[in-house]
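User: I am new to this structure and would be grateful for a close look at a single part of it. Please examine the charged side chains that pair with one another, and the setting in which they lie.

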Amino acid sequence: MKTYVLHGYRHPMIAADNAKQDYGINDIEENIIKRHMFPLTPIPPKYKEARIVCIADKYCAVLEYLPAKLTRNHHLPSHG
């Protein structure tokens, strides 16, 4: 039986492994990559740089999601 794992749960670890192999990243960079999906990944960022990237990631996601959601619900005029 094939089990389905959501992309968001596996993505940080796969990306960190790839970055270590390809670029030889340091501990802070590894933590940034592994923890940018928090709180989807249960362990929070350890370093301030990782917390900044995590917050920026959420901010960008909101900016991408809300206009599309509001436009689909006809709360905002469509541009285009």
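Analyst:
**Salt bridges and the helix pair around them**

In this predicted model, the count of salt bridges comes to four. The account below follows three of these pairs, beginning with the two helices that carry them.

Helix α1 covers residues 7-23 and helix α2 covers residues 27-35; the two pack with their axes 7 Å apart, at an angle of about 155°. Because angles over 145 degrees count as roughly antiparallel, α1 is described as roughly antiparallel to α2. The crossing of α1 past α2 is right-handed.

On the side of α1, the contact is made by Pro12, Met13, Ala15, Ala16, Ala19 and Lys20, which meet Glu30, Ile33, Lys34 and Arg35 of α2. By residue class, this contact between α1 and α2 holds six nonpolar residues, four charged ones and no polar ones.

Lys20 offers a suitable starting point for the charged pairs. Within α1, the side chain of Lys20 forms a salt bridge with that of Asp17, at 3.8 Å from N to O. These two residues stand three positions apart in helix α1, which means that about one helical turn separates Lys20 from Asp17. Both partners have intermediate accessibility: Lys20 counts as partly exposed at 36% relative accessibility, and Asp17 likewise counts as partly exposed, at 39%.

Lys20 also reaches across to the other helix, where its side chain meets that of Glu30 in a salt bridge of 3.2 Å, N to O. Since Lys20 belongs to helix α1 and Glu30 to helix α2, this pair ties together parts that are 10 residues apart in sequence. Glu30 has a relative accessibility of 16% and therefore counts as buried, the cut-off for that class being under 20%.

Glu30 has a further partner in Lys34: their side chains meet in a salt bridge at 2.8 Å, again from N to O. Here both residues lie in helix α2, four residues apart, or about one turn of the helix. Lys34 is buried as well, because its relative accessible area of 19% falls under the 20% limit.

Taken together, these pairs share partners, and the salt bridges join Asp17, Lys20, Glu30 and Lys34 into one network. Followed in order, the network runs from Asp17 to Lys20 within α1, passes from Lys20 in α1 to Glu30 in α2, and continues from Glu30 to Lys34 within α2.

Methods:
Residues numbered from 1 in each chain as written. Predicted model: local features only at pLDDT ≥ 70, side-chain atom pairs only at ≥ 80, totals over all residues. Heavy atoms only, no water. Axes fitted to C-alpha atoms, helices over the stretch in contact; angles between N-to-C directions. Parallel < 35°, antiparallel > 145°, perpendicular 65-115°, else oblique. Left-handed = near helix turned anticlockwise from the far one by under 90°. Contact = heavy atoms within 4.5 Å. Nonpolar A, V, L, I, M, F, W, Y, C, P; charged D, E, K, R; others polar. Buried < 20%, exposed > 50% of the residue type's maximum accessible area, 1.4 Å probe, protein only.
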